[in-house]
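The following questions and answers introduce one structure to a new reader. Please view the sequence and the model alongside them.

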Amino acid sequence: MRHPKVLTTSLAATLGLGLAAALGVPTASAAAVDSAAAPTGYAAYAGSTEDAKATKAFHDAVMKSVAKKRAANPGAAAVTVVYSASSAPSFRTQIARSTQIWNSSVVNVRLVEGSNPDFRYYEGNDSRGSYASTDGHGNGYIFLDYRQNQQYNSTRVTAHETGHVLGLPDHYSGPCSELMSGGGPGTSCQNAQPNSQERARVDQLWRNGLATAFKSF
């Protein structure tokens with residue numbers, strides 16, 4: 001979760017939950033990974049007026065990655081988005097919960113762990129907090145920050161960042177009942193479920209968006 005700031009570079013976008021948490025060191029069981037261990041070549045992006053544009057860039061990159069692999073079967077009832085959690089072992093439970101939450105909330109897209117992923121989860125320490133990022137070429141990842149996940153509900157953090165994969169922007173001014181309000185409602189907010197508007201928006205994006213992505217290949 002990060003305070004609004006922006007560092008720009010071409011074809012790069014990073015989205016975060018906002019409000020970086022200044023807590024102590026990670027638990028002893030957590031693998032000691034710092035931000036340098038995350039993929040390089042990505043620009044930092046936190047909430048700003050360009051937030052919606054950055055979210056769309058990340059969502060579009062994931063859709064195009066899916067489209068490349070699914071071109072032979074464009075009529076599938078639901079789009080399968082493949083992820084890898086192998087680089088975020090400390091958060092396997094939260095990742096499983098957040099993907100289950102989304103899979104039970106929407107019908108036009110399904111998140112499945114597997115090989116040849118469309119995006120990956122990473123973990124470590126980063127002063128920017130947790131975020132989702134893409135280089136604009138179909139390569140994406142979600143970075144989960146240890147300190148932030150100690151202060152905020154970790155499943156909410158993970159489900160929020162996964163929401164960016166599905167095309168939802170940050171909306172920090174929203175209530176706790178809104179998943180994409182992220183850290184706005186404060187650390188007491190425990191909700192990890194998208195509300196009805198967020199669910200409907202994801203279904204709309206993946207119902208109409210994949211056909212558009214296929215046209216690029």
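**Confidence and helix α4**

Q: In which element of the protein is confidence lowest, and in which is it highest?
A: This is a predicted model, in which local features need pLDDT of at least 70 and side-chain atom pairs count only at pLDDT 80 or more, while totals for chains, interfaces and linings use all residues. Here pLDDT is the predictor's confidence in each residue, from 0 to 100, and helices (H or I, at least four residues) and strands (E, at least two) are DSSP runs numbered from the N terminus. Confidence is lowest in strand β1 (residues 13–16), at a mean of 46, and highest, at 98, in helix α2 (residues 92–105).

Q: What is the mean pLDDT of the protein?
A: Over residues 1–14 the pLDDT stays under 50. Where pLDDT is low, the predicted coordinates should not be read in detail. Of the protein's residues, 63% reach 70 or more, and the mean pLDDT is 74.

Q: How far apart are the end C-alpha atoms of helix α4?
A: The expected span of a helix is 1.5 Å times one less than its number of residues. The 12 residues of α4 (residues 154–165) should therefore span 16 Å, and this agrees with the distance between its end C-alpha atoms, 17 Å.

Q: How many residues of α4 are buried?
A: Buried means under 20% relative accessible area (1.4 Å probe, protein chains only). Among the buried residues of α4 are R156, E161 and H164. The helix is mostly covered, and its buried residues number 12 of 12.

Q: Which residue caps the N-terminal end of α4?
A: Residues are numbered from 1 along each chain as its sequence is written. A side-chain oxygen lies 3.1 Å from the backbone nitrogen of T155, and the capping residue that supplies this oxygen is N153.

Notes. Side-chain values use heavy atoms; hydrogens and water are left out. Buried means under 20% relative accessible area, exposed over 50%, partly exposed in between (1.4 Å probe, protein chains only). A polar contact is a pair of N or O atoms within 3.5 Å; within protein, one must be able to donate a hydrogen and the other to accept it, and residues adjacent in sequence count only if both atoms are side-chain atoms. Contact means heavy atoms within 4.5 Å.
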